[in-house]
Amino acid sequence: MNSSTVSSKNPTGPVEGWILDLYQKDDCMVVWLKTPAGQAIRLVDVWQQCFYVAGDYRDLINLAHQLHVEGIGFEEKFARPEDDEPSTVLKVPARSGREAERLAEKVLVHGRYRRYELYNVDVKPSQFYMYEKEIFPFAFVKAAASSEGVRWEVHDNLEFVDYEIPPLREVTLSASIRKKGRLPAKSDPIEAITVRSQSQVYRIDGRDEHQSLLQLVETVRTLDPDIVYTANGDNFLFPYLAYRAAVNGVADQLILGREQSPLQISRENGQTYTSYGRVYYRPMPTRLLGRIHIDSENSMLYSDCGLPGIIEVARLCRIPAQRVSNTTIGTSMTSAQLYEAIRLGVLIPWRKTNSEELKTASELLVADRGGFYYEPTVGLHESVGELDFTSLYPMLMLTKNLSGETVRCKCCPDSKNRVPELGYNICEKHIGIVPRSLKLLLEKRRRYKELKQATTDPCLRNVYEMRQAALKWILVCAFGYLGFKNARFGRIDAHIATCAFARQVLKETVHLAESRGFRLIHGIVDSLWLKKEDATEEDYLRLRAEIEEATGLPISFEGIYRWIVFLPSKTHRNVPVLNRYYGVFRNGKIKDRGIATRRRDTPPIIDKCIREMIHVLAEAQNAKEFYEKLPSAYEVVERYVRLLRSGAVSLEELAIRKHLSQNPDEYRH
């Protein structure tokens with residue numbers, strides 16, 4: 001048995017370690033620490049969540065008498081971020097998040113849905129606890145438990161880029177099934193269960209399911225992992241194991257977390273949502289309390305940024321790593337904003353009420369325009385340089401103070417800070433919650449990119465890359481959420497204002513470049529492709545410095561292309577496509593966007609063919625050699641055609657993946 005197994009009682013003295021997991025249980029918060037010695041320590045802090053009710057003072061007194069909740073009372077809080085004076089609001093304690101929502105609904109009914117405004121209702125308890133205690137996941141802390149609760153000392157800083165994380169024990173859990181049909185079902189018996197640790201493989205034979213499931217519990221308890229990886233664990237593996245445990249009468253013994261409670265499978269359906277025209281399904285997550293479960297099939301952040309990316313987001317956004325791995329990027333980004341609100345004493349609206357201000361058709365024509373584009377010149381170009389603004393939209397939101405409560409604020413109608421083209425006023429008295437939440441994210445991403453370039457250690461370079469990539473997702477999402485109707489501190493006017501500033505920046509940058517003798521080949525939102533006869537890298541670097549000084553925004557020089565091809569529309573050969581091109585830099589690096597190699601529905605055999613063609617063309621040093629290489633590229637195509645006709649290509653290589661937005665029988669074509 002592993003030495004890290006601990007008592008359910010709090011330790012008698014102070015302990016040091018990293019915060020691994022936390023969750024609410026009854027009216028307490030359970031926090032698991034990972035000590036430098038490798039032990040997992042369980043701490044219990046008596047703590048209750050609460051929500052707030054705003055309204056007429058006499059109505060609030062009446063409400064307090066009606067609710068009969070112990071600990072109810074009045075506090076002074078800012079009901080809105082733009083308020084200059086706090087309001088008297090009613091604080092209502094709740095034993096859990098579900099009880100908070102139940103009581104909140106009761107309050108709404110009591111007020112006939114118009115008398116009260118409710119705040120802080122649906123903030124997850126684990127996040128709320130971290131906001132209040134000023135702690136965060138994977139922070140190195142010193143904790144002292146007493147009868148009054150747990151006292152936290154944080155010996156860590158979110159600004160650190162080379163922070164230490166504890167040595168983590170990891171296992172991968174999988175199961176093979178004796179299928180009775182073409183697809184596995186819960187009613188199918190277990191064939192074997194496999195637990196892979198970092199050094200060994202444990203295979204549990206499934207002939208006696210009862211004993212196999214108990215042996216799985218014992219194996220996990222002995223290995224005592226901090227992280228459990230599965231493939232499709234949320235959607236199938238854990239519900240399947242829980243069902244088999246129930247069939248064999250050991251459901252109450254199927255304990256895979258550190259908390260001594262059996263595996264709980266939510267009976268709620270997963271979430272179906274649409275993103276950029278595609279329909280996605282996210283199953284309800286399975287929690288292994290005291291451990292971190294990562295479902296590699298259902299964690300976009302893990303597949304793109306690995307464990308370092310998950311830990312970085314968990315730390316900066318103050319959201320448990322388990323939740324980071326199986327929720328949307330928007331949820332994590334929102335948590336960073338909620339923390340800033342709580343820190344300022346601002347309440348978080350339960351159901352957003354501030355709506356878009358009415359606009360005339362002519363106002364919408366000017367306002368709702370999005371980013372700026374310059375159509376590319378179709379065809380082959382050589383010696384073209386590329387300049388990209390770094391996190392342009394989040395940087396504008398930070399530097400221009402663009403937030404839901406700052407754009408067109410009521411307190412500064414005569415503000416000198418105005419949105420270009422639109423004339424909207426921007427608050428001069430308050431820094432918005434959205435810019436506050438972006439500052440550290442932008443700074444750390446910049447530092448990670450610098451460290452990645454500076455280090456010679458490939459492992460460190462990979463860690464820095466995954467961390468900055470995770471932060472990039474957060475920053476991209478921050479702009480989109482600014483215009484999302486349900487964003488707590490977003491507003492469409494702020495989204496429109498950000499686009500207006502971006503258009504102004506791009507136009508000013510193009511004018512500056514042209515005044516220095518550069519010719520614009522293509523421009524799209526935050527990227528420019530420029531050409532100047534006999535221009536060197538030093539010429540582009542000087543231009544970059546001038547742009548940064550003129551705009552106050554960071555811009556990077558990506559390099560000079562040996563050649564680059566901007567492609568036309570498939571249906572209209574004379575019409576350029578804004579984001580469809582491929583080319584090769586002078587250092588040999590290939591860059592492609594919008595072509596078949598970047599599409600998820602491209603069959604693997606076609607992807608291989610096109611990549612091989614581009615690699616042949618990449619040997620060309622200029623346009624003349626590019627045309628000379630075309631016959632060799634055609635030979636690649638002919639070779640793959642012969643391969644297809646010979647029947648030597650597997651069906652998997654020919655598969656076309658499609659995301660369906662409706663059932664197959666609902667399609668007409």
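**View 1. Val15 and its partner across two strands of a predicted model.** Start with Val15, which stands opposite Ala143 in S8. This is a predicted model, so keep that in mind for each view here. Val15 belongs to the pairing of strand S1, residues 15–25, with strand S8, residues 140–146. The two run antiparallel and are joined by four bridges. In general, the strands of a sheet pair through backbone hydrogen bonds, either parallel or antiparallel.

**View 2. The five-stranded sheet around S1 and S8.** Step back a little and you get an open sheet of five strands, in the order S3-S2-S1-S8-S9, with antiparallel pairing. Which strands sit at the edges? They are S3 (40–46) and S9 (149–154), and each of them pairs on one side only. From one strand to the next, the twist averages 35°.

**View 3. The S2 and S3 hairpin.** Here strand S2, residues 28–34, meets S3, and the two run antiparallel with seven bridges between them. One pair to look for is Val31 with its bridge partner in S3, Leu43. The hairpin has five residues between its strands, and there Gly38 takes a positive phi near 95°. Is S3 mostly covered or mostly open? S3 is mostly covered, with five of its seven residues buried.

**View 4. A four-stranded sheet with a helix packed on it.** This open sheet has four strands in the order S5-S6-S4-S7, and the pairing is antiparallel. S5 (73–77) and S7 (117–119) stand at the edges with a single partner strand each, so each has one side without a neighbour in the sheet. Neighbouring strands are turned by 35° against each other on average, direction ignored. Strand S4, residues 49–54, pairs with S7 in the antiparallel sense over three bridges, and the bridge partner of Val53 in S7 is Leu118. Helix H1 (residues 57–67) packs on this sheet and touches S4, S5 and S6 (87–94). The direction of H1 makes about 15° with that of S6.

**View 5. The covered helix H3.** Now for a short stop at H3, residues 125–133. This helix is mostly covered: seven of its nine residues are buried. Which ones are they? The buried residues are Pro125, Ser126, Gln127, Phe128, Tyr129, Met130 and Tyr131. Just after H3 comes Glu134, which takes a positive phi of about 60°.

**View 6. Helices H8 and H11 crossing.** Two packed helices are described by the angle between their axes and the distance between the axes. For H8 (residues 329–343) and H11 (residues 433–454), the axes come within 9 Å and cross at roughly 115°. The crossing of H8 and H11 is right-handed. On the H8 side, the contact is made by Ala336, Gln337, Glu340, Ala341 and Arg343, and on the H11 side by Ile433, Val434, Arg436 and Ser437. Sorted by class, this contact of H8 with H11 has four nonpolar, two polar and three charged residues.

**View 7. Cysteines without a disulfide.** How many disulfides does the model have? The count comes to zero. Take Cys50: the closest cysteine sulfur, in Cys28, is 16 Å from its own sulfur, which is too far for a bond. Cys50 counts as buried, at 5% relative accessibility. Cys317 is in no disulfide either, and the nearest cysteine sulfur, that of Cys477, is 9.7 Å away. Cys317 is buried too, with a relative accessible area of 1%.

Conventions:
Residues numbered from 1 in each chain as written. Predicted model: local features only at pLDDT ≥ 70, side-chain atom pairs only at ≥ 80, totals over all residues. Heavy atoms only, no water. Pairing = 2+ DSSP bridges. Axes fitted to C-alpha atoms, helices over the stretch in contact; angles between N-to-C directions. Left-handed = near helix turned anticlockwise from the far one by under 90°. Contact = heavy atoms within 4.5 Å. Nonpolar A, V, L, I, M, F, W, Y, C, P; charged D, E, K, R; others polar. Disulfide = S-S within 2.5 Å. Buried < 20%, exposed > 50% of the residue type's maximum accessible area, 1.4 Å probe, protein only.
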